[in-house]
Amino acid sequence: MDPQRERPKNTNTEHLIANRQEGIGVCGWILVSLSFLLVLITFPISIWACIKVVREYERAVVFRLGRILSKKAKGPGVILVLPCTDTFIKVDLRTVTCKISPQEILTRDAVTAQVDGVVHYRIHSAVSAVANITDVHSATLLLAQTTLRNVLGTQSLAQLLAFREEIAHSIQATLDSATEQWGVKVACVEIKDIRIPMAMQRAMAAEAEAAQEKKAKVVAAEGEMNASKALQKASVVLTESPAGLPLRYLQTLTTVAAQNNSTIIFPLPINMFGSLGQKNREG
């Protein structure tokens with residue numbers, strides 16, 4: 001007999017065996033039948049143990065003899081479970097806010113810092129959250145802490161302070177791709193606070209103060225230069241008018257006397273009074 005003709009038969013046989021292994025088997029059906037018969041015998045008392053209510057924000061993963069029933073979650077509403085053979089686990093689909101405790105990190109420029117944050121996530125597949133991992137909430141929290149340290153360790157302190165939002169988006173993308181097989185969707189990651197040692201804070205404060213002082217000196221020097229140019233132009237104008245300098249002198253004295261309540265005595269030329277007397281006699 002040609003072996004190529006027997007190959008489809010073997011393939012079909014293996015497929016049937018695989019399907020049979022995926023089912024609950026003959027013994028399983030016998031136990032399910034006995035459980036259903038028990039419900040009928042003890043009806044209506046047993047109905048209160050069989051009916052379960054699943055809220056709108058919950059889903060129930062039902063196990064029948066250790067296998068997930070229908071490969072999908074049940075609810076919301078009323079579901080029916082058989083005693084002795086069925087068990088179920090409720091999964092909350094609401095968004096969970098998880099606080100990341102302060103993590104000691106070493107930045108790329110060898111600066112030690114403490115960073116904490118918040119992760120917002122929700123479960124979108126109840127079956128994956130139950131069947132693929134033991135404790136989805138603890139695993140998500142630990143993965144968030146590890147991802148936070150790994151991502152921030154590749155950034156310098158200046159980048160960490162300046163690009164906080166971009167770093168948070170990077171952490172969110174990394175977490176979302178890692179938790180997809182757990183049925184978890186990471187909605188948002190926020191970096192709350194960044195703490196650095198006091199010595200580093202004093203050094204940064206001294207650096208900032210020196211930078212501000214440098215800017216102040218540059219501004220003052222530019223002001224002096226502009227003022228000297230303006231005075232040079234004013235002196236040219238005053239040299240063209242001989243009476244302008246005394247008038248400017250008197251205006252300066254008036255300004256000083258208004259600001260500082262004082263009496264100013266200054267000498268006058270004698271010939272000035274003589275010229276005034278002559279003008280009076282001529283008048």
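These are my notebook entries on a predicted model of one protein chain.

**Entry 1: the chain as a whole**

I began with the overall composition. The chain holds 10 helices and eight strands. Of its 283 residues, 25% are buried. I then looked up how contacts are distributed along the sequence. Taking contacts between residues at least 6 apart, I found that 66% join residues at least 24 apart. The exposed area of the chain is about 19,800 Å², and carbon and sulfur atoms supply 60% of that area.

**Entry 2: helix α5**

I next examined helix α5, which covers residues 136-152. I checked its length against the expected rise. With 17 residues at 1.5 Å a residue, α5 should span 24 Å. The C-alpha atoms at its ends are 24 Å apart, so the expected and computed spans agree.

At the start of α5 I looked for a side chain reaching the backbone. A side-chain oxygen of D135 comes to within 3.4 Å of the backbone nitrogen of H137.

I listed the buried residues of α5 as V136, A139, T140, A144, Q145, T147, L148, V151 and L152. I then asked what covers the buried residues of α5. The cover includes the strands β6 (96-106), β7 (112-123) and β8 (184-195). It also includes the helices α4 (126-131), α6 (157-162) and α7.

**Entry 3: helix α7 and D176**

I applied the length check to α7 as well. Its 15 residues, at 1.5 Å each, should span 21 Å. The end C-alpha atoms of α7 are 21 Å apart, so this helix also agrees with expectation.

In α7 I recorded I167, A168, I171, Q172, L175 and D176 as buried. These residues pack against β7, α5, α6 and β8.

I singled out D176 from that list. Is D176 buried or exposed? Its relative accessibility is 17%, and because buried means under 20%, D176 counts as buried. D176 lies in helix α7, which runs over residues 164-178. Setting aside residues up to four places away in sequence, I found D176 touching V184, K185 and V186.

**Entry 4: R94**

I turned to R94, which sits in the loop between β5 (86-92) and β6. Its relative accessible area is 45%, so R94 is partly exposed. Which side chain does the side chain of R94 meet in a polar contact? The partner is the side chain of D92, at 2.8 Å.

I also looked beyond the sequence neighbours of R94. Leaving out residues within four places, R94 is in contact with Y57, Y121 and R122. The C-alpha atom of R94 is 7.3 Å from that of I123, although 29 residues separate the two along the chain.

**Entry 5: a nonpolar patch, F36 and L65**

I searched the surface for nonpolar patches. One of about 870 Å² is made by V26, I30, L31, L34, F36, L37, L40, I41 and L65.

I looked up two of its members individually. F36 is in helix α2, residues 25-41, and has a relative accessible area of 44%, so F36 is classed as partly exposed. L65 lies in the loop between β2 (58-64) and β3. L65 is partly exposed too, with a relative accessible area of 33%.

**Entry 6: backbone geometry**

I closed with a search for unusual backbone values. Most residues other than glycine have a negative phi, and most peptide bonds are trans.

Against that background I noted L65 again, as its phi is positive at about 55° although it is not a glycine. K71 is another residue other than glycine with a positive phi, near 60°. K71 is placed in the loop between β3 and β4. With a relative accessible area of 64%, K71 is exposed.

I then looked up cis peptide bonds. The bond from F43 to P44 is cis, with omega near 5°. P44 belongs to the loop between α2 and α3 (47-50). The bond from G75 to P76 is likewise cis, with omega near 5°. I placed P76 in the loop between β3 (67-68) and β4 (77-80).

Note on methods. Residues are numbered from 1 along each chain as its sequence is written. This is a predicted model: local features need pLDDT of at least 70, side-chain atom pairs count only at pLDDT 80 or more; totals for chains, interfaces and linings use all residues. Side-chain values use heavy atoms; hydrogens and water are left out. Patches are made of residues with over 30% relative accessible area and no salt bridge: like charges are joined within 9 Å, nonpolar side chains (Val, Leu, Ile, Met, Phe, Trp, Tyr) within 5 Å. Accessible areas come from the Shrake-Rupley method with a 1.4 Å probe; for residues, only the protein chains shown count as cover. A salt bridge is a side-chain nitrogen of Lys or Arg within 4 Å of a carboxyl oxygen of Asp or Glu. Helices (H or I, at least four residues) and strands (E, at least two) are DSSP runs, numbered from the N terminus. Buried means under 20% relative accessible area, exposed over 50%, partly exposed in between (1.4 Å probe, protein chains only). Contact means heavy atoms within 4.5 Å. The expected span of a helix is 1.5 Å times one less than its number of residues. A polar contact is a pair of N or O atoms within 3.5 Å; within protein, one must be able to donate a hydrogen and the other to accept it, and residues adjacent in sequence count only if both atoms are side-chain atoms.
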